[in-house]
Amino acid sequence: MTKCIFCDNDLTEDTKPEHILLNALGGRKTTKRVDCSACNNEFGSTIDDEVGKQVAILRNMLQLDSGGGRAPPMLRNLQSGSDIINLRNDGTPELVVKPFSVRKLEDGRFELQITAKSIDEAARYIPHIAAQIGCSEEQVLEILKSATGSCVERRPDTVHHALGFGGPLAVRSAAKSALVLWATLVGNEDVKSQPYEQVRNFVVAGDEAFNQARVHLDSRYLPQSDRLQHRFGAFFNLIYVRSNEAGCVVAHFTMYNIISWHIVLAEEGGTPNARLGLISNPLEPAVWSDTIADEFDIDFAWLDSPDYADEFLRARERLEATMRHHVETQRSRELNRITADVFAKHGIVNEHEPVTDPEVQREIIWEISRRFASHALGLPYVEDVPGDEIVARLNAVRGKSDDSA
Ligand SMILES: [Zn+2]
């Protein structure tokens, strides 16, 4: 019976499938024939989990799905200027604020402040406000009629993300992925043999000496990187393992086409002259390949000569390309949202339907231009809303929810 390459457990029908490239990295290919469920679970909650955490920010910024097609993780409680914001799964920022505050003034009156992201949200607060003041919901609405309100839209301040990839745990996860991939080609017996002993230990228990001697950062673009990007998107993840004549087995692990690692899986005595690659496209997880090494013949000599000499220059160049993509997609998403919002406000559901009323046309153009300009300049867009209009809008949404109840 086939045994796990990391321990001696037997592999069975019930063995849990291992994602060769992590699901978080857009990996889809799994295997039940290399490592056992116990090892899989152990890695999942330690070294793989570390990689998942490291890439969460980038996935949210660039909107990169998991292999299973799940949206990127939400990022919570980020400092943005003097505000705290969350970045939702779809990358939309939301302000983290106290929804309302009630302050009793000396003359017995109340000062009530409500901050809500939408009128629906504000409507949900009404019963709570009533309870806190000790009056009916109708009375709260009555009070609000004489209130002043404003609708403020503004771009969040810069959020400083510390992007850090690597470290001993993450590199062990990369080595594990490469070794599991290699085992699917050369077999478990080979990978369980002496030449791979050190890398197996490194994956299972960590080994600083191994990390120093046999793991190297590599900031070079892959040969034919343009072709790879064309096929698998700007942010592909790739494992490429290749051995030479002497059975020296090296792995090249490229993460999001931003940074790579060179890992020596066996110094000599492994299966000679073989190669295998696996690539994912987190922008489009259905597009991936495990035959990439047949199509892209990357030299052993190239793979085995990592270069991190111009680290600063190259890493910066690659990160800048990433950020440009982020800014562009983010901007067009925001502008689409503003347009849709303005159209909806004028009761137009389908933006492609011609607006015939010249008065409405004028208002729409006016509002969209003002909001676009505010957005471009990073200024808040403020629209004053009189109290009776707030109450009218609140009543409209309250009526809706009563109907559905
Ligand atoms: Zn095992």
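Student: How do the residues lining the second largest pocket divide into nonpolar, polar and charged?

Tutor: In this predicted model, the lining of that pocket holds 11 nonpolar, 8 polar and 4 charged residues. The volume of the second largest pocket is about 780 Å³. Its lining has 23 residues, and T158, V159, H326, V327 and Q330 lie nearest the centre.

Student: Which elements give two or more residues to the lining of the second largest pocket?

Tutor: Helix 2 (47-62), strand 4 (83-87), helix 12 (311-345) and helix 13 (358-377) do. Helix 12 provides the largest share, 7 residues.

Student: What about enclosed space? How is a cavity found?

Tutor: Rolling a probe the size of a water molecule over the atoms shows where empty space is left. Here the count is 1 cavity of 30 Å³ or more. The largest cavity has a volume of about 40 Å³.

Student: Which residues line the largest cavity?

Tutor: The lining consists of L25, V51, A170, S173, A174, F253, M255 and W261. By class, 7 of the lining residues are nonpolar, 1 is polar and none is charged. Helix 5 (168-186) and strand 11 (249-255) each contribute at least two residues to this lining. The largest share, 3 residues, is from helix 5.

Student: Strand 11 comes up there. Is strand 11 buried or exposed?

Tutor: A residue counts as buried when its relative accessible area is under 20%. In strand 11, 7 of the 7 residues are buried, so the strand is largely enclosed by the rest of the structure. Both of its faces are covered. V249, A251, F253 and M255 are buried on one side, and V250, H252 and T254 are buried on the other.

Student: How should I read the sheet that holds strand 11?

Tutor: Strands of a sheet pair through backbone hydrogen bonds, either parallel or antiparallel. In this case 6 strands make an open sheet with antiparallel pairing, in the order 9-12-11-10-13-14. Strand 9 (215-218) and strand 14 (288-289) are the edge strands, each pairing on one side only.

Student: How many bridges join strand 11 to strand 12, and how many join strand 10 to strand 11?

Tutor: Strand 11 and strand 12 (residues 259-266) run antiparallel and are joined by 7 bridges. V250 stands opposite V264 of strand 12, and M255 has I259 of strand 12 as its bridge partner. On the other pairing, strand 10 (residues 237-243) meets strand 11 in the antiparallel sense over 6 bridges. There, Y240 has H252 of strand 11 as its bridge partner.

Student: What should I look for in the turns of these hairpins?

Tutor: Look at the number of residues between the strands and at the backbone phi angles. The hairpin of strand 10 and strand 11 has 5 residues between the strands, and G247 in the turn has a positive phi of about 75°. The hairpin of strand 11 and strand 12 has 3 residues between the strands, and Y256 takes a positive phi near 50°.

Student: Where else can I practise on a hairpin?

Tutor: Take strand 6 (residues 100-104) and strand 7 (residues 110-114), which pair in the antiparallel sense over 5 bridges. R103 has E111 in strand 7 as its bridge partner. This hairpin has 5 residues between the strands, with G108 at a positive phi near 90°.

Student: Which residues coordinate the zinc ion?

Tutor: To read a metal site, take the donor atoms, then the angles, then the spacing in sequence. The zinc ion is coordinated by the SG atoms of C4, C7, C36 and C39, at 2.3 Å. The angles among the 4 donor atoms are 103 to 114°, and the site is tetrahedral. The donor residues follow the spacing C-x2-C-x28-C-x2-C. C7 and C36, 29 residues apart, link distant parts of the chain. C7 is in the segment before strand 1 (18-19), while C36 is in the loop between strand 2 (30-31) and helix 1 (37-45).

Student: Are C7 and C36 buried or partly exposed?

Tutor: C7 is partly exposed, at a relative accessible area of 23%. C36 counts as buried, at 3% relative accessibility.

Student: How do I compare separation in sequence with separation in space?

Tutor: Set the residue count beside the C-alpha distance. I133, in helix 3 (residues 119-133), is 29 residues along the chain from K104, and their C-alpha atoms are separated by 8.9 Å. I133 counts as buried at 15% relative accessibility. H352 lies in the loop between helix 12 and helix 13. H352 and A392 are 40 residues apart in sequence and 29 Å apart in space, C-alpha to C-alpha. H352 is exposed, with a relative accessible area of 76%.

Terms used
Residues are numbered from 1 along each chain as its sequence is written. This is a predicted model: local features need pLDDT of at least 70, side-chain atom pairs count only at pLDDT 80 or more; totals for chains, interfaces and linings use all residues. Side-chain values use heavy atoms; hydrogens and water are left out. Donors are N, O and S atoms within 2.8 Å of the metal (3.2 Å for Na, K and Ca); water is not among the atoms, so sites may look incomplete. Four donors count as tetrahedral if all angles lie between 85 and 135 degrees; four count as square planar and six as octahedral if opposite donors are over 155 degrees apart and all others between 65 and 115; anything else is irregular. Helices (H or I, at least four residues) and strands (E, at least two) are DSSP runs, numbered from the N terminus. Buried means under 20% relative accessible area, exposed over 50%, partly exposed in between (1.4 Å probe, protein chains only). On a 1 Å grid over the protein atoms alone, a cavity is a set of points where a 1.4 Å probe fits but cannot get out, and a pocket is an open set with protein on both sides within 12 Å along at least five of seven lines; lining residues have an atom within 4 Å of a point. Grid points are joined across faces, edges and corners, and a volume is the space filled by probe spheres set on the points. Ala, Val, Leu, Ile, Met, Phe, Trp, Tyr, Cys and Pro count as nonpolar, Asp, Glu, Lys and Arg as charged, and the others, Gly among them, as polar. Two strands pair if DSSP finds at least two bridges between them.
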